[in-house]
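Okay, thanks for coming, everyone. I'll put the structure up and walk you through a few spots. Have a look first, then we'll talk.

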Amino acid sequence: MRVREKGDRGVVQSVVLFLGVSVLSGALAAGLAIPLAGLAGFTTEKTSDTLQDLPQQFDEVPLKQKSTILAADGSVIATLAEQNRVPVKLKDVASIMQKAIVAIEDDRFYEHGALDAKGTLRALLQNRSSGSVQQGGSSITQQYVKISLVEKAKTPAEVAAATADTYQRKVAELRYAIAVEKQYSKNEILEKYLNLANFGDGAWGIQAAAQHYFSVNASQLTLPQASMLAGLVKNPTGYDPTNNAKRAKDRRDVVIRRMLELHVISVAQANSALKTPVIDPAKVRPNKLGCANGPYPFYCEYVVSLLEDNPAFGKSTADRANYIKTAGLTVKTSLDPKIQADAQRSIDTHSQTTDRAVAAITIVEPGTGLVKAMAQSRAYGSKRGQTSYNYNVPKTYPGGFGGWQNGSTMKAFTIAAAIQKRIPLNYKINSPSPIHLRGQTFSTCGGPYKILEAYDPKNSTTNVPIPTMIEAAQKSTNTYFLQLSQRTGLCSIAKIAGSLGMYQAQSGEPLRQVPSMTLGIDQISPLQLANAYAAFAARGMYCTPWLITSVKDSAGKSVSIPGAQCKQALTQEVADGVNAVLHQVMETGGTGSKLKFGKSDLAGKTGTINEAKAVWYAGYSSKLAAAATVADASPPYTELQGQTLNGKPIHDASGSGTAGPIWEAAMKAALQGYPTTKFVAPSSVVQRGNVQDLPFVNGMNPEDAANKLRQAGFEVAIASGTVNSEETAGTVAYTDPRQRDGAPAGSLVTIYVSNGSKKNQPKPGATTNTPQPPPTTLNPNCPPWNPKYPNCGGRGHG
């Protein structure tokens, strides 16, 4: 639109007036000229005072640089940025780019001081005669100052003040421009300007702009490319070629013609450039900023949450979040893309995004805590089959789902507590189904806990009547482990679990010390469980989950952050014992036997919670540990039976049959390339205890024999039925353990009664004929508790 000429003379007179004032104030010695608006009506005295009161020093604004999160192999996980910028030196910017920006924005840049009176007047007259802005009225130094002041603004009010169309603000910019010209050379100012300027469509600085629009570095820009970018800075949104290619080309052509007019380029160069398409859409790189646009959004968001919790990056969470996005950090993480792909492939093979049930797995390296992979069945997003929840981590950060009850995987910590209490692996407990615990007392860290109401827990699998710890673990015998936890005390279980990073994933509080604790009643995340089991694999060395392995600042200098944080939480002796027990779970007869693969020793434990709303398999070699779960994640939570997994109905949810295959496929692929490893065998003391001699009671009356054994410090059970023996019928045939083997003090000794069938016959060896209990039900009901006692929660079987 053509501006009326009536005010032209007044504006020019204001210019002349200000030039005079500038001379009197000494500003013109530095090349000072005037802004084009708002000068009329200000007195010489007022203008001079304003100039003299302004600061003489310009503090350079730190460039907001993008931060990059990398996987362990150096591949990019995500780019975090408030402004997508990659600073470069002027020598790394193509000469034609430097000429293009100078030609269109300030062609006398190298000839004048902070401001250009001649250029300002010429631009005024040129723009008025053409009816539009063809040439800039501000010098590059002025523009650098203005952009810097906007960058420094931290609040909307400060931004408004930095961009206000007022005489005071413009005069302030003049004084700052003088300071900048005194502090830096022309090339330094141009370099700073090119790195600070907004080039539209999320590209800040010349290097990011060159990469975004043309997929080249700033040093490789051609004439038509440089002209387009030089034209953008005047109106980054209006001249954005991805929004309006024609308008962008028209602006680019203005730059080319201006360069021709200034004899920066030849006619032939100009004609060739004018014929070139403004951009090639195929070469435009989208600015995929943030975790959501990366390949591992859930893992990435968890890493960012850890960064924002680190006081090294700022006093408050808001300060840290801003610093992380603007400081140009390079953050290297523990994620192994190969193992991550193995985990995700297993998830994708065994589940679908449209399943109601969800699947998740975390893989951790024992001895370091390095979190190698996190995978889940629902992708990141808000569409159907997507979620913003990370199913692998606690709810201690906003995106964490907070886990599920972990069922019988909790029995591993009871095993550790028992071994720590010097209860051997061959320790036997009579474990019928059900057992009646009303009136029984369990010790806790806070004192005794007496069960006041009926509690009759059952077993979910058939087992030998009086199993050892190993046999009970193989079949996940609930009644054995409930009685074992009564012997160890719940406090020791809680302390061991807590030392291995086990806490309520919903609240962050310690695990509840109640009689059903060993059946897994608290909500636990796959990350916690995998990392805790990794401590067993590392022979008791517990390491906190380690995701951020290094941080470097924009200059490539290392930032001090926590490294591996490890401690010997269990003695090697105790861990070796746990490994021996859980190893047998994956051998013949164990609930995890079908998941065994390869030549390395493996150990694991199944878990199924009450009503099978979640099932687990957690296991490890000495090189990797993983916890996989399949669960209902959509309230109201219901049992998995009848839900879909991998598009098919779930008929019998179990840790071994439902979650186990996910664990197996992921770990089998992840361990490829690792050497074959074996667990260290536990000591004889761990396996058999401090063995004491057993009194010889063969041939005695069973009750007399029982009293003799009790007096020697052993617990006693008399088996039902009789066995073939050479001893007189009705007397003791033998004990288990046998008299020749001995037994740990306080352990259970079972007496078997002879039927006399082999009396006076050779001794081929006694054979048992003990009646076996009938199979028990697979889904015991949890009883109601009194107000002091919570529901039993964990079903506690495989």
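Let's start with a quick one: does tyrosine 533 count as buried or exposed? This is a predicted model, by the way, so keep that in mind throughout. Tyrosine 533 comes out at 0% relative accessibility, and because the cut-off for buried is under 20%, it counts as buried.

So who is it sitting with? The rings of tyrosine 533 and phenylalanine 413 have their centres 6.2 Å apart, with planes at 65 degrees, so this is an edge-to-face pair. Phenylalanine 413 belongs to helix α16 and tyrosine 533 to helix α20, residues 526–537, so the pair ties together parts that are 120 residues apart in sequence. Phenylalanine 413 is also at 0% relative accessibility, and counts as buried as well. And there's company: ring pairs link Phe413, Tyr533, Phe536, Tyr620 and Phe679 into a cluster.

Now, the helix that carries phenylalanine 413. Helix α16 covers residues 411–420, and 9 of those 10 residues are buried, so the helix is largely enclosed by the rest of the structure. Among the buried ones you'll find Lys411, Thr414 and Ile419, along with a run of alanines, Ala416, Ala417 and Ala418. Just after α16, have a look at arginine 422, which takes a positive phi of about 70 degrees.

Back to aromatics for a moment. The structure holds 20 aromatic pairs. Another one to click on is tyrosine 391 with tryptophan 404: ring centres 6.0 Å apart, planes at 40 degrees, so we call that pair tilted. Tyrosine 391 is in the loop between β7 and β8, while tryptophan 404 is in strand β8, 13 residues apart. Both tyrosine 391 and tryptophan 404 are buried.

While we're on rings, two lysines are worth a look. Lysine 152 lies over the face of phenylalanine 58, at 4.5 Å from the ring centre. And lysine 192 has its charged end over the ring of tyrosine 184, 4.5 Å from the centre of that ring.

Okay, strands. How many residues of strand β18 are buried? The strand runs over residues 625–632, and 8 of its 8 residues are buried. Both faces are covered: on one side you've got Ala625, Ala627, Thr629 and Ala631, and on the other Ala626, Ala628, Val630 and Asp632.

What does β18 pair with? One partner is β4, residues 357–364, which runs antiparallel to β18 and is joined to it by 8 bridges. In that pairing, alanine 357 stands opposite aspartate 632. Strand β17, residues 614–620, is antiparallel to β18 too, with 7 bridges. There, valine 615 has valine 630 as its bridge partner. A hairpin of 4 residues takes you from β17 to β18.

Last stop, a sheet. There's an open one with 5 strands, in the order β2-β1-β3-β13-β14, and the pairing is mixed. Strands β2 and β14 stand at the edges with a single partner strand each, so one side of each is left without a neighbour in the sheet. Further in, β1, residues 67–70, pairs with β3, residues 330–333, in the parallel sense over 3 bridges. If you want a residue to find on screen, leucine 70 has lysine 332 in β3 as its bridge partner.

That's my tour. Over to you.

Technical notes. Residues numbered from 1 in each chain as written. Predicted model: local features only at pLDDT ≥ 70, side-chain atom pairs only at ≥ 80, totals over all residues. Heavy atoms only, no water. Buried < 20%, exposed > 50% of the residue type's maximum accessible area, 1.4 Å probe, protein only. Helix = DSSP H or I, 4+ residues; strand = E, 2+ residues; numbered from the N terminus. Pairing = 2+ DSSP bridges. Phe/Tyr/Trp six-rings, centres within 6.5 Å; stacked < 30°, edge-to-face > 60°. Lys NZ or Arg CZ within 6 Å of the ring centre and 35° of its normal.
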